[in-house]
Amino acid sequence: MQKISSLLSNEQSPAHKRMDPRLEYDLIIIGAGPSAAGLLHGILTRIKGKADKINDVRIAVVERGENVPGETPQCFQHGHASTIHLRDWFTAAHYSSITGTKHSISSPTTLHTSTPQRHLHSRILDVPTGSGWGGSTNIHAGLLVTPSPKDFQSWPGTWKDRMIHAVNHVTSIFETEGVISKSPVQHVCSGKIINVPEFEGATFEQVTTTSLQWRRINYFTALVQPLFRDFPEFRHLVTFLPGMEAQRILIDTENTEDTTENSLSSCKGEKARKPRAWGVECLVVSDFSAANNNAHRSTKCHKHRHVILKSTCEIILCAGAIGSPALLLVSGIGHTDDLKAAGIIPLFQYERESLHRDKTTKTKLQLATKIHCNLPVGRKLCDHVLLPRIFLTRKQEEAKMSSNSIRGWWTIKRHVGSDDDVSDNYAKFQLQLADGASIDKMMPHFAAAAIRRRWSFLNLRWGLHRAMLDHVFRIVRATIHCALNSCLFRSWFRLHFAFINVCLMNPKSVGKVSILPHRNDDEESRHNFSSSNSSVPRLRGFEVVIDPGYLSNPWDMMALWKGWEMSTALKNGHYEECTEILPGFLFVVAFKIANIVSLVLNWTRLFFFGNTGKPNFQSTVSSAPAWFCGYVAEFANPYYHWFGTCVMGPMKTNQNDDDFVVDEFLCVRGVSALRVCDSSVFPGCVSVPTALTCAALGSASSEFIVSLLNKKLPKK
């Protein structure tokens, strides 16, 4: 049989070459996060007992990270030290990747940074994304929270009922496997179990995590690994490919596919033929062995080589709200303005542009129409907002401390604004009670982040400016971290700090994910972008630009102030024996002094240099006091639940709507055999941490994936 090394090359797309059977699959799943775990579990369980209908389905799961060297493909628990205990979740998300935006293969996270946030005093924030089997469930706090049925009101078609059923189904699997841990709420000082204070219209929730004796259990371990244990015959159906980073989706615009009759893979009412996604080009970022357990064969792939994976049926993106839009954009799918800014030729060109690009065939493709030129890929990024209140307490009991610093929370819904009849004016909050279990990791990070912002007096090139600030940020963070972990302070901070986190769970501010060519001219970037055909874009040749757009909508500031007022009642009832140190009295005084200094500097600048432009931060017009707006701008943080970058829309006969990217069956509009199944397709805010919802989305979507396999694959 032909060796796989002969297919590893830097050529554009060797479609004309014979594909090795080991590189050809029916389904290719890109990403190994919670949605991929739910999808793979749903597909395998639905084809169970259907061996007479589906003949040897071949599924490939492509993941850029890997767990530990030498691990078998059926053991999915990550081996990094920071992923073992839930208490170290902040370390896993922010400290385990020490190379910034460059990914370390053994790390459970790929750490991006945001653009300077205008409404957060130009602060630059971390954007961690999960890596390895389990994805984000390797680095988050492990919270397992059931979404409300109202969270799915904006979902099209029958998704509301399907998601409610899928959430219950996934939760029941976790309960059966015994990976759900619950803990009662305890008093922050005495550690005694207490009766929580009551709020009108509020519900209290205990801390529920996917863990086993407070040891992290990721979703691949909880959902997929038990299937291989109970049904060994499933092992030959799935090939796991770790250490492979998808670079672009290969789309055939010559041999288009008429998908009008198959409503499972196309938008109803579209009579035009569609280009078909036939493969994925991947970059091997580590030496790995891809094993197919049925044939007991092993294929070696070497680092820094490109490999083509061919799909005979479907390609499903499960790369998350950051990775999925980046892959679509680099493949030419997205808004024309965003693609041209990145120097990428859009896939959906007008007919004359298609003929100009391909002068030999001159095939009139009806697919190249105006309706798909402005897909809002990456344009509706959203995240929850977290605002902390910090208290100094009496000594807490180490044995009574939480596993992940969260002791419990209230879910509250309050009206914000003047129009009582508008349901959109209701804000949803989580008021979290937290202790200092992770304070030794959080305090150095957020203290050092104070210098990580865009300084107007540094007239430097943005790339150099950011690199310099990243180095200073890491030096300061390491210095503070060493000081806090000394023998004198190591346990004192953990046992004498407590928090109330005000979390806005339905913000209206939206951001954007885009790509731009790398500005640095290092050898690695040139190698990943260039090839025998230098015009071929690949993901490694671009920089993923993330702008979450926090507080860009003034409504969010008003909503946070409403939540802050409710947290004051919680403070008086639960933290009555504690002293608030942030914001506290000192912050209000410091804020007023800073305003006076800023006013003097502005008048001085105006007098000597004239009008030099508007300041970086402009106070949001709201009913909140000025000191609170300043506190939010300095200390509001991400909740790290990204969603909404490839929004799902309803099935329509009129497809001129540019408000959504995928249809009701998660198919990318205008392209056949390509779907997106992760948090990026959420059409609205989910007012809970998103991991369980993503797993339920994958489980529910497996229904029509299996239906499609029944139609396309050969029967026994």
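Is S702 buried or exposed in this model? S702 has 0% relative accessibility, so the residue counts as buried. By buried I mean under 20% relative accessible area, with exposed over 50% and partly exposed in between, using a 1.4 Å probe and protein chains only.

Before going on, the ground rules. This is a predicted model, where local features need pLDDT of at least 70, side-chain atom pairs count only at pLDDT 80 or more, and totals for chains, interfaces and linings use all residues. Residues are numbered from 1 along each chain as its sequence is written, and side-chain values use heavy atoms, with hydrogens and water left out.

Back to S702, which sits in helix α15. Apart from neighbours within four places in sequence, S702 is in contact with L39, G42, I43 and R46. Contact here means heavy atoms within 4.5 Å.

Now the chain as a whole. It has 15 helices and 22 strands; these are DSSP runs numbered from the N terminus, helices being H or I of at least four residues and strands E of at least two. Of its 716 residues, 58% count as buried. Among contacts with a separation of 6 or more, 79% are between residues 24 or more positions apart.

Next, the core. Nonpolar side chains tend to be buried together in soluble globular proteins. A nonpolar core, as used here, is a set of buried Ala, Val, Leu, Ile, Met, Phe, Trp, Tyr and Cys residues joined through side-chain atoms within 4.5 Å. The largest one has 174 residues, and those touching the most other members are L40, L44, F220, L309, L328, I333 and L674. Helix α15 gives the largest share of this core, 12 residues. Take I333: beyond its neighbours within four places in sequence, its contacts include L328, L375, V668 and L674.

On to the aromatics. The whole structure holds 27 aromatic pairs. Rings of Phe, Tyr and Trp (its six-membered ring) pair if their centres lie within 6.5 Å; planes under 30 degrees apart are stacked, over 60 edge-to-face, and the rest tilted. Why is the pair of W133 and F240 edge-to-face? The ring centres are 5.4 Å apart and the planes stand at 80 degrees, so the pair falls in that class. W133 lies in the loop between β4 and α3 and F240 in strand β8, 107 residues apart, so this pair links distant parts of the chain. W133 is buried at 4% relative accessibility, and F240 is buried at 2%. Separately, F152, W155, W159, F643, F665, F682 and F704 form one aromatic cluster.

Last, the cavities. On a 1 Å grid over the protein atoms alone, a cavity is a set of points where a 1.4 Å probe fits but cannot get out, and lining residues have an atom within 4 Å of a point. Points are joined across faces, edges and corners, and volume is the space filled by probe spheres set on them. How many cavities of 30 Å³ or more are there? The count is two.

The largest holds about 70 Å³. Its lining includes R123, D126, H445, F473 and Y640, and α8 and β21 each supply at least two of the lining residues.

The second largest holds about 30 Å³. L39 and F704 are among the residues lining this second cavity, and α15 supplies the largest share, three residues. L39 also appeared earlier, as a contact of S702, and F704 as a member of the aromatic cluster.

Conventions. 1 Å grid on protein atoms, 1.4 Å probe; cavity = no way out; pocket = protein on both sides within 12 Å on 5 of 7 lines; lining within 4 Å.
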